[in-house]
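User: I am new to this structure and should be grateful for a close look at a single part of it. Please describe the surroundings of one residue in detail, and then set that part beside another region.

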Amino acid sequence: IALSALQMATGDLQKAEEFARRACEINRCVTDPGTPRSDVAARSLGNVLREMGRYEEAQGILSRGLLAHKPGLEVPIHVVAENLIALADVFVAMEDGSQAIPIYEEAVSILERLYGRQNPRAAATRLKIADGWIQAGQWREAFDEALRAEAVTRKHSRIMLTGLSERIALQYAANRPSGLDRLLSLLIDRPGSGSRPQGVDALIRARALVLDEMADRRRAQSISAPMDMVRLTQDLTRSRKRLAYLTVQGPGAPDAIAPFQLALANARRERDRAERAVAEADRRFRLREQGKGVGLEEVVASLPPASALVGFSRYRHLRTGGSQGDAALPDEPVPSYLAFVLGADTAEIALVDLGCAAEIDALVEELRTVAGREAEVTLLGSSSLEADYREVAERLRQLIWDPLEPALANSSQVF
């Protein structure tokens, strides 16, 4: 199974199928379907066949195992959930999102019963449900599902960031499952699909995750504290690392689910107790923790009269088609930029599509190159350099600032 996954990752689908079929023979996927071992092997082969475009074969082998054990299944296990997800993935590949959605929802139900409602795997599957709704042309349902998943993965990321080393935490934050790309894409392409305030609030909360955590770590390193405070901080760090470790580790075996749930609940209680102890002893810590809950409402309330706040975001634009009837997702997302404008004196939020990131990034790089030449030339060439700089800056301004001017017309101060 591992060799099949490796071959699939390198693009050799023929070899991947060969190894997956051998695994199915060993684990008796056909003669004894519905066991945990045969389910895992069937999922491996089903995933390979899906990638090869042989959807009916993939659907058949995945369905066979699920039908074999579901009638007598009393307690759902994570293997069943993963095979349900694999089967739903086949329907999505066939562009049949309406068929995939109930299967994904059954998998989410199993995962949440096993691991709790804040489980990141369940949230990642909710993002798949959002894609299914997009494929089915149900934009509002897609927005709501993506928003729900984003809230869970953001909360999970905060747990992980506080308990992991800086390098691993940064890697995790960069690759975490996120609903933001879907939320922003829907708001740009389908303005009536969801709430702009909810989408921008999710963006504000998400972008502060890493900066808040890294700032806390630098602050802790630069402040000398009394021994009692050092002990409380060490207890908090240990409890956070314990919770992060358990969250990443998972239950392991199906028969370890109950002990895992108990250990996870105890770890959460210990983390909460340690946070309360530090907050009671350190007012600055308490204020910082409160500040981590800042979202759109608090940001707008802090703006002075007749002012506006402009924010830019780079995201992966998952286009949903040019016409209302075209719900096909692209093979690859398009890196893009958007801007939002929050006004102190208006409840309206302006959301502006700035287009593909490639053109903007190229202009930014060109501007940096021109600005860097100044150190290499004499004063006699400075006027020519200034002209070059102004020419590039003008083109960049036309792309990223001019589209915002209508939303800033009534603002005398811009942040």
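Analyst: Leaving aside its neighbours within four places in sequence, Thr125 has contacts with four residues in this predicted model: Ile85, Tyr104, Val108 and Leu111. Thr125 itself belongs to helix H7, which covers residues 120–135. Its relative accessible area is 0%, and because buried means under 20%, Thr125 counts as buried.

The other region to consider is built from strands. Strand E1, residues 307–317, is paired with two others. With strand E2, residues 334–343, E1 forms ten bridges in the antiparallel sense. One of the pairs across E1 and E2 is Phe312 with its bridge partner Ala339. With strand E4, residues 413–414, E1 runs parallel, and two bridges join them. Here Ser307 has Gln413 as its bridge partner in E4.

Strand E4 also contains Val414. The relative accessibility of Val414 is 36%, a value between the 20% limit for buried and the 50% limit for exposed, and therefore Val414 is classed as partly exposed. Val414 contributes to a nonpolar patch on the surface together with Phe312 and Trp401. The accessible area of Phe312, Trp401 and Val414 together is about 230 Å². Phe312 thus appears in two roles: as the bridge partner of Ala339 in E2, and as a member of this surface patch.

To return to the part requested, Thr125 in helix H7 is buried, whereas Val414 in strand E4 is partly exposed.

Note on methods:
Residues are numbered from 1 along each chain as its sequence is written. This is a predicted model: local features need pLDDT of at least 70, side-chain atom pairs count only at pLDDT 80 or more; totals for chains, interfaces and linings use all residues. Side-chain values use heavy atoms; hydrogens and water are left out. Helices (H or I, at least four residues) and strands (E, at least two) are DSSP runs, numbered from the N terminus. Buried means under 20% relative accessible area, exposed over 50%, partly exposed in between (1.4 Å probe, protein chains only). Contact means heavy atoms within 4.5 Å. Two strands pair if DSSP finds at least two bridges between them. Patches are made of residues with over 30% relative accessible area and no salt bridge: like charges are joined within 9 Å, nonpolar side chains (Val, Leu, Ile, Met, Phe, Trp, Tyr) within 5 Å. Accessible areas come from the Shrake-Rupley method with a 1.4 Å probe; for residues, only the protein chains shown count as cover. A salt bridge is a side-chain nitrogen of Lys or Arg within 4 Å of a carboxyl oxygen of Asp or Glu.
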